[in-house]
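Student: Hi! I have a structure to look at and I'm not sure how to begin. Could we go through it together?

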Amino acid sequence: MVSSPSSPILCNSPRVTIVGAGRVGSTLAQRIAEKNLADVVLLDIVAGMPQGLALDLMEARGIELHNRQIIGTNNYADTSNSAIVVITAGFPRKPGMSRDDLLKVNAKIVVAAAKNAIAFSPNAILIVVTNPLDVMTYLAKQATNLPRDRVMGMAGVLDSARFETFVALELGVLPADVKAIVLGSHGDLMVPLPRYATVNGIPVTELLDQATIERMLARTRNGGAEIVELMQTGGAFFAPASAASVMVESILLNQSRLLPVATYLQGEYGLENVVIGVPCRLGCGGIESVLELTLSDGEKAALQASAQSVRQNIHRAQEILADVQG
């Protein structure tokens, strides 16, 4: 199913706003600037922090050989006319905390950020990174009333990269030679697809036994929590920032890359009125199309279970927001 872009094509706009100047947001700002993709506005509610980070990044420009402008601010007015707005703001996970535990606190943050950012950049494409990812993306779409081609969540790119990493480590091959895809929600019920994982075109199922594959799938599902447990004081930020930058790059450069993206489904995969990760083409207008893969009965059931879990959390989040507004 192809969705027509509902807004003017913004590929020539040089500005990307990142809401949230924490580890993910600041690292993403660095990635975007040093890839020479766009000028960056880094926004945070903490006075001085985004300004300091922006100055630090600006002072590295001569060394990194780019001339991108990086602005730090606490004012949404400074984000006006952005081509893309990436929301990373919110509380990170702590040890023993699931993504769903973050639902209550982060719902209010993401809704406010989405509304404020789109008020100043009404034609922007919105990318949500804040957890729980699928629910936050749904709430951002609902809050802004944007069409689905302009609201998406970053999850599948990261989860797929983790799967690829574990395959490369297991086989001792070049990571760039490994391609994999993960569908579903960004959490314990994500749906990695080993049938579609390859090393230079060779299916992983022909290179590894089932027990090894199952061990890697479990590690992929637990990828974020493993890092949280190891670090104790925070979660992953290098790989999430890289994953988000790939999405930004595909949109700004109109690459039409096929990437697993959390998007609002309208009948694809037999699912409606839910945000979940599926393969999408990303170009100038945002989500250009959704690819429906042929899934086995087991994979379909796993995707349905993943979607049902997201729906339950969407209802919880809507109740929380209704109580706050009431």
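Tutor: Happy to! Keep in mind that this is a predicted model. Let's begin with histidine 186, which sits in the loop between β8 (182-183) and β9 (191-192).

Student: Is histidine 186 buried or exposed?

Tutor: Histidine 186 is buried, since its relative accessible area is 7%, and buried means under 20%.

Student: What feature does UniProt place at His186?

Tutor: The UniProt record, an unreviewed entry, puts the feature "active site" at His186. Such annotations may be inferred rather than shown by experiment.

Student: Okay, new topic: sheets. What is the strand order in the open sheet of three strands?

Tutor: The order is β7-β10-β11, and the pairing is antiparallel. At the edges are β7 (178-179) and β11 (202-203), each of which pairs on one side only.

Student: How many bridges join β7 to β10?

Tutor: Two bridges link β7 with β10, which covers residues 198-199. In β10, threonine 198 is the residue opposite lysine 179.

Student: And what holds strands together in general?

Tutor: Strands of a sheet pair through backbone hydrogen bonds.

Student: Switching again: how many disulfides does the structure hold?

Tutor: Zero disulfides. A disulfide is a covalent bond between the sulfur atoms of two cysteines.

Student: Why does cysteine 280 have no such bond?

Tutor: Because the closest cysteine sulfur, in cysteine 284, is 16 Å from the sulfur of cysteine 280, which is too far for a bond. A disulfide needs the two sulfur atoms within 2.5 Å.

Student: And is cysteine 280 buried or exposed?

Tutor: Cysteine 280 is buried, because its relative accessibility is 0%.

Conventions. Residues are numbered from 1 along each chain as its sequence is written. This is a predicted model: local features need pLDDT of at least 70, side-chain atom pairs count only at pLDDT 80 or more; totals for chains, interfaces and linings use all residues. Side-chain values use heavy atoms; hydrogens and water are left out. Buried means under 20% relative accessible area, exposed over 50%, partly exposed in between (1.4 Å probe, protein chains only). Two strands pair if DSSP finds at least two bridges between them. Helices (H or I, at least four residues) and strands (E, at least two) are DSSP runs, numbered from the N terminus.
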